[in-house]
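Got your viewer open? Here is a short tour, one selection at a time, for a first look around.

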Amino acid sequence: MAAVTTMERTAATGGPPMPERKWVDVGGIRTGYHESGRGEPIVFIYGGNFGTADSASSAFTWNLNMAPLAERFRVIAFDKVGQGHTDNPLNDDYTMQAVVRHAAGFIKALKLPPVHLVGHSRGGFAAARMTLENQHLVRSLTIVNSGTLMPRVGTNEVVLGKPPFAPYTRECARWVYENYSFNRAIVTDAWIDAVMETLDLPKYRESVRKMVDEGFGTTRFAPNLARDKRETLQWLRDGRLQRPTQIVWGFNDRTATVEGGFALFEMLAAHERRTQLHVVNESGHFPFREHPERFNALLADFAAGFAAEGV
Amino acid sequence: MSAITRTTIDLGGRRLSVLRGGQGAEPALLLHGGVPGVTPYCSGAHVWARYLPFAAAERHVVAPDLPGFGDSEGGDEPCRIDALARVALALIEALKLGPCHVVGHDQGGLVALSMALAAPASVRSISIVASPAAAPTGDSVENVTLANPPPAPWSRGAQAWTLERLSHDPTHIDSALLDRCAACAELPAHRQAVARAGETAKAFAASAAKAKGDFYTVCRDGAFPVPAQIVWGADDPMTTVEHGRVLFGIIAERQRATHFHLINRAGSFPFRETPAAFHLAVGAFHRGLAGAL
């Protein structure tokens, strides 16, 4: 058995705090983000979406990766439109297209040179789509356990449907992330604290009202995403994605199974020589939280390997 | 960048030729593949030439000509996996490398597995690279990649043909590689190996079956004792991606730190065909285990 590493012990106690939140206006949307370090920029896009009451993602998802990677890179994690501390979409545009537009707008607003983009889960779809539409903004792409992007059947509704706890509660959020994970102990109080902070924001509750009570989730978001996904997969099969791409997959994810990672690799590898797949054992949906040290080393090397002066 | 030098190590009377370079803690030991006198190219430490500079830039790295290959004589017995593992462990002892990261290509991957089982305290991690030798076969389909070689065996031309057939991208087959392969064919170790190729093929196959059996049993009934990474070329003429996945799954069952890394557009020699991508996988794995970037 491998010894429990320093970082894993840190993770058990919550890990390092996020750098202080900054704000930037992205096309009229007040956007919260965290930034640390110097060097080539790595930009993280987390998963989930607005208007969910069982759990809520935010930039804190990356707290085990920000500080270590900041030793070599300028690392940036922002809150997507409608999520975390960032404003809700303008004109009730609760769609993935709005998320993608906002992500591109954020990178432009910060005037970043081409970034190493890392997208997890639904953020993996946003990252890939943003790259397809804005290849000049991206130097390399890392996709992590993205059921939304993979050309296979996701099983989120099976694994995470009907939580046995009430929405907006710590217990419910904990249940969701524990079911996502291989090792339930990685779901720390600090992580749940961050989820509750988002769930308690009035503007976030407003997004839940729109998505759930007014039905935007089923009438707008889902059909829009289905259309977007069909087009995005077609673009990938056409070979439009022309950036070095590594796919990182937790082997034991029950929602986005590893077959999806292999299928995605095949689609991308057919057209882009610089494609890699990396599978991490004893990891569920969040390999960057279950094995932060090995994930960070992998990401650092990939970003350095395809740095401005690299291949 | 650190220089790579060739030296001879005396292992209790047995002379082993090794390539060495770099410095630092947690060294890496690179074990080439092949069966002496049987595999139709002259394998040896030189196959690592395009990867050694990457490895040596961050740690002490040692790549031996295993007994029966290159400048290392084979001894009196035909080549066997368990004997190769003993020699490699003796080399770790002699050079005080342990615990070190062992990286093994094809048959070398099976040697690495055997070392980890025999002496886990000497092995920090293993990386098994493009290793049909270590993967389960089941009732396998015949692989005809090397079925019809041109004459003459172990000529420069015939070895070039073999290396090209094993590769996805043959541009790594440079004159440095072919010169060394052709030169190795003239060395005493190789001549001796060819003279007893039939005996070696039989003994080696039996030892490989035993080593695999021991490995599968430990993974099934216990747990593989050290962190492991499987590195596979997505376009390897000698094996399928599924073979690599199955090998990963066997170890992953009870070894927490297990990774699978698939490299696009690489055949049997990812460390030569795509050395930067190969280093990205192996270097990050080694540093990640130490919690270092």
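Start where the two chains meet. This is a predicted model, and in it 25 residues of chain B are in contact with 30 residues of chain A. To see which parts of chain B are involved, select α8 (241-252), β8 (258-263) and α10 (275-289) of chain B: these are the elements that give two or more residues to the side touching chain A. Now keep just α10(B) lit up, since α10(B) gives the most to that side, with eight residues. If you colour the chain B side of the contact by residue type, you'll get 15 nonpolar residues, seven polar ones and three charged ones.

Next, stay at the meeting place and pick out two strands, one from each chain. Select β8 of chain A, residues 275-280, together with β8(B): the two pair in the antiparallel sense, over five bridges. Want a single spot to zoom in on? Click V279(A) and then F260(B), its bridge partner in β8(B).

Time to hide chain B and look at chain A by itself. Turn on the cartoon view and you can count 12 helices and eight strands in chain A. How far does the chain A C-alpha trace span along its principal axes? About 50 × 45 × 35 Å. The radius of gyration of chain A is 18 Å, which agrees with the value near 19 Å that a compact globule of 311 residues would have. Of those 311 residues, 56% count as buried. Try drawing the contacts too: among those in chain A between residues at least 6 apart in sequence, 74% join residues at least 24 apart.

Now go to the early part of chain A. Select β1(A), residues 22-26, and β2(A), residues 29-36; they run antiparallel and are joined by five bridges. One pair to click here is V24(A) with T31(A), its bridge partner in β2(A). Together β1(A) and β2(A) form a hairpin with two residues between them. Stop at the turn and pick G27(A), which has a positive phi of about 55 degrees.

For the last stop, keep β2(A) selected and add β4(A), residues 74-78. These two strands pair as well, in the antiparallel sense, over four bridges. What is the bridge partner of H34(A) in β4(A)? Click across and you'll land on A77(A). With β1(A), β2(A) and β4(A) all showing, you can follow β2(A) as it pairs with β1(A) and with β4(A). As you turn the view, remember that in a regular strand the side chains alternate between the two faces of the sheet.

Conventions
Residues are numbered from 1 along each chain as its sequence is written. Chains are lettered from A and ligands numbered from 1 in the order in which they are written. This is a predicted model: local features need pLDDT of at least 70, side-chain atom pairs count only at pLDDT 80 or more; totals for chains, interfaces and linings use all residues. Two residues are in contact if their C-beta atoms, placed from the backbone, lie within 7 Å. Ala, Val, Leu, Ile, Met, Phe, Trp, Tyr, Cys and Pro count as nonpolar, Asp, Glu, Lys and Arg as charged, and the others, Gly among them, as polar. Two strands pair if DSSP finds at least two bridges between them. The radius of gyration is taken over C-alpha atoms; the globule rule is 2.2 Å times the number of residues to the power 0.38. A residue is buried if 20 or more other C-beta atoms lie within 10 Å of its own, exposed if 12 or fewer, and partly exposed in between; C-beta atoms are placed from the backbone.
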